[in-house]
Structures are given as C-alpha cells and as structure tokens.
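Work through the exercises below with the structure open. Try each task before you read its solution.

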Amino acid sequence: MILVTGGAGFIGANFVLDWLAATGEPVINLDKLTYAGNLENLVSIAHDERHVFAHGDICDRALIDRLLTEHKPRAIIHFAAESHVDRSIHGPADFVRTNVEGTFTLLEAARDYWNTLQDEARAGFHFLHVSTDEVYGSLGPNDPPFTETKTYEPNSPYSASKAASDHLVRAWHHTYGLPVLTTNCSNNYGPYQFPEKLIPLMIANALAGKPLPIYGDGQNVRDWLYVADHCAAIREVLARGTPGETYNIGGWNEMTNLEIVHTLCDLLDELAPNAHGSCRRLITYVKDRPGHDRRYAIDARKIERELGWRPAETFATGIRKTVQWYLDNQPWVQHVISGEYQHWVERNYIERAAS
C-alpha cells in the first residue's frame, strides 16, 4: 500500500487512477478537499476497496501518524500543495502553511515511521516529493533548459514556498538518512484540471463565448507535459530512482501562451464549431501579473538516461485528448465552474482587464 497526499486534486487524482490501473496496489488518499480538491475526479473508483480516502490536512501530525500506523504504507507520494501563482500573490500565507509547514510535518511523521520499520520494510520505504520547475526561476530566450543542478531562483510566493519544501526534503535525506526522491515537473495539462489554469480556463470560456484573457503580450513560454505522462514518470522514479536524487520531468514541448490559446481555438473550431465564428475572436489581452517568469524549459535527459522514461504524448496528441475530454465531460466542468471559482475569475481577470 502507498500513501498519496493531495490525491483528489488534478495531478494527484490522475496519479491515483493511473496507479490503480497500472499496478493494482491499494492507495490511502489524504486530501483536505480545498477549492481544487474534488472527489468527483475519483468517482470511477468510489466503490473500489483498493482506494481508501482520508479527509484531512497534511499539517495535522496526529492524523498522519494514525494513517501511517494503521495502514503501514511502503511509500509516501506527496502531491498536496497550493499551486496557483496568482493565488499566491493575493494570499501567500496559505502557500507557506501548506507547502512549507505541511511538507515539514509529513517529513517528520515519515522519519519517525521509517525508524520503526525493520529490515526489508525499512530498506524499501521511500518519500517521493512532487515539485515544480518554477523553483528554478526564469530563463532567457536562448538559455539552456533547466537541469537538476540549476540554481534555485524562485520569483513568486508559490515558487518560493515550493523551493523551501524541496530544500527541506533534501535536508531530511542528508541529515537523517530518510530515503527521499524529488521530481520537478513542467506545466501539466489534461483531464480534471481545475479551471483557474490556462488550458481548462480557455476551453471553458471559449465554449461559453467569454473573453479568453491572456497576460501581457502572450509570449511567456512554458514546457507542457501531459498529465498521464507525468504519472508514468513518477511510477518509474518511485520504482527505480536513487534515494536523495532529483529528477526533472518535462514534455519537450516549449510553447508560448499565445500559441497554446491559438491551438485550443483551432481545435474547438474543429470539434465544437460556433455559429459566431472562430474562438480566436475572443482573445483579450489583460495586464500582466507581478513577477511573471518569461520562460521555463525542462531538460529531462537524466530521467531518460537513468530510468528510460520519455513522454508518450506529443503536444499535438495530448492537447487533442484534453480538449475532447472537456467536451465529453461538460457536467463535471459545469459543476466545478461555480461558487468560489466564479468569484476568483471575477477578481483575478475582470479587474485586470478593467485596469
């Protein structure tokens, strides 16, 4: 059995579904169910005895201790995090609490639990920390992609909090010997992504005939990774990664935000044509966010060289699957786009457009 934190969120839920399908090994899924945690992401395994859901906070040491003692997992895969840059600008305290204090609490609980294990159980235990390429800072147009040895230069409260958590994980390995693994991934996309992020936001707005807000000039570059490829990479790292090592996971797909939106518009024009014309007519430029990093790019050669992993999807195949999933799952989309999400979109984008 493994313990997954944040397994009702976007990447975490995809991982839980992928893990059960690929391995059949039971999962304890600890999630606080904040705005981005959604048990509807896991409705297909709602009655699967291999999935044990625990509603709770990673800062709750007593709860974590109880789960570890009761279920005796052989690994912890730590996804739980506040992850949206814009939210971190408006409210950084939540990011420090969850990403830094929460990771610290998990590490301490894992260390105490690991020290109780004997022989093969102790030797086989791993703590896998899922992080982001944003900890490395911003690249110039001609700079080489991020490698695992790139100096950390976080530029937002979100990336700073993730950088801090990465450093804690590293320290718990070097100081206490805890067998940790860290992965730093590029921008994920795919099914079940909360519609505050670029791709699902653009799809939802285009289908509703609403403006497609693009920060600044739209030329910020990101490396895009299909979420199923990310899940497969994490399985490989957990199975064969070297404790104490970091593995960058990327899609080899550098694209500007404007290119992403144009691609989405063209796919929607093909798959869900609108009588009013191309979705491109809805593109609207809004004031850039503070500290907006210009370019991220991942060098994923280490994980390919050492573990044999490469993404299975190109951007063309992955984005088509993604758009089709959102078109086929409109009840899920409409249920998510309500309440707090509506207030967030109004606060973050409409106010920017007005300014």
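**Exercise 1.** Find the helix that holds Asp 18, then list the contacts of Asp 18 beyond its sequence neighbours.

Solution. This is a predicted model. Step one: Asp 18 sits in helix H1. Step two: set aside the neighbours within four places in sequence; Asp 18 then contacts Cys 231, Ala 232 and Arg 235. Step three: look at Leu 39, which lies 21 residues from Asp 18 along the chain. The C-alpha atoms of Asp 18 and Leu 39 are 16 Å apart.

**Exercise 2.** Check the length of helix H8 against the value expected at 1.5 Å a residue.

Solution. Step one: H8 covers residues 227-240, so there are 14 residues to count. Step two: the expected span is 1.5 Å times one less than the number of residues. For H8 that comes to 20 Å. Step three: the C-alpha atoms at the ends of H8 are 20 Å apart, which agrees. Step four: pick out the buried residues, those under 20% relative accessible area. In H8 they are Val 227, Asp 229, His 230, Cys 231, Ala 232, Ala 233, Ile 234, Val 237 and Leu 238.

**Exercise 3.** Describe the largest nonpolar core and name the helix that gives the most to it.

Solution. Step one: the largest nonpolar core has 70 residues. Phe 15, Ile 77 and Ile 303 have the most contacts inside this core. Step two: helix H1, residues 10-22, gives the most, with 8 residues. Step three: a second, separate core has 24 residues, among them Ile 28, Leu 30, Leu 107 and Phe 125. Step four: return to Ile 77 and leave out residues up to four places away in sequence. Ile 77 touches Ile 2, Leu 3, Val 4, Thr 5, Phe 15, Leu 128, Val 130, Ile 234 and Leu 238.

**Exercise 4.** Is helix H7 mostly covered or mostly uncovered?

Solution. Step one: H7 spans residues 198-208. Step two: 8 of its 11 residues are buried, so the helix is mostly covered. Step three: the buried residues include Ile 199, Pro 200, Leu 201 and Met 202. Step four: go past the end of H7 to Gly 209, whose phi is positive, near 70 degrees.

**Exercise 5.** How many cavities of 30 Å³ or more does the structure hold, and what lines the largest cavity?

Solution. Step one: there is 1 such cavity. Step two: the largest cavity holds about 30 Å³ of space. Step three: its lining consists of Val 85, Glu 134, Ser 156, Arg 222, Arg 289, Gly 291, His 292, Asp 293 and Tyr 296. Step four: sorted by class, that lining has 2 nonpolar, 3 polar and 4 charged residues.

Key
Residues are numbered from 1 along each chain as its sequence is written. This is a predicted model: local features need pLDDT of at least 70, side-chain atom pairs count only at pLDDT 80 or more; totals for chains, interfaces and linings use all residues. Side-chain values use heavy atoms; hydrogens and water are left out. A nonpolar core is a set of buried Ala, Val, Leu, Ile, Met, Phe, Trp, Tyr and Cys residues joined through side-chain atoms within 4.5 Å. Buried means under 20% relative accessible area, exposed over 50%, partly exposed in between (1.4 Å probe, protein chains only). Helices (H or I, at least four residues) and strands (E, at least two) are DSSP runs, numbered from the N terminus. Contact means heavy atoms within 4.5 Å. On a 1 Å grid over the protein atoms alone, a cavity is a set of points where a 1.4 Å probe fits but cannot get out, and a pocket is an open set with protein on both sides within 12 Å along at least five of seven lines; lining residues have an atom within 4 Å of a point. Grid points are joined across faces, edges and corners, and a volume is the space filled by probe spheres set on the points. Ala, Val, Leu, Ile, Met, Phe, Trp, Tyr, Cys and Pro count as nonpolar, Asp, Glu, Lys and Arg as charged, and the others, Gly among them, as polar.
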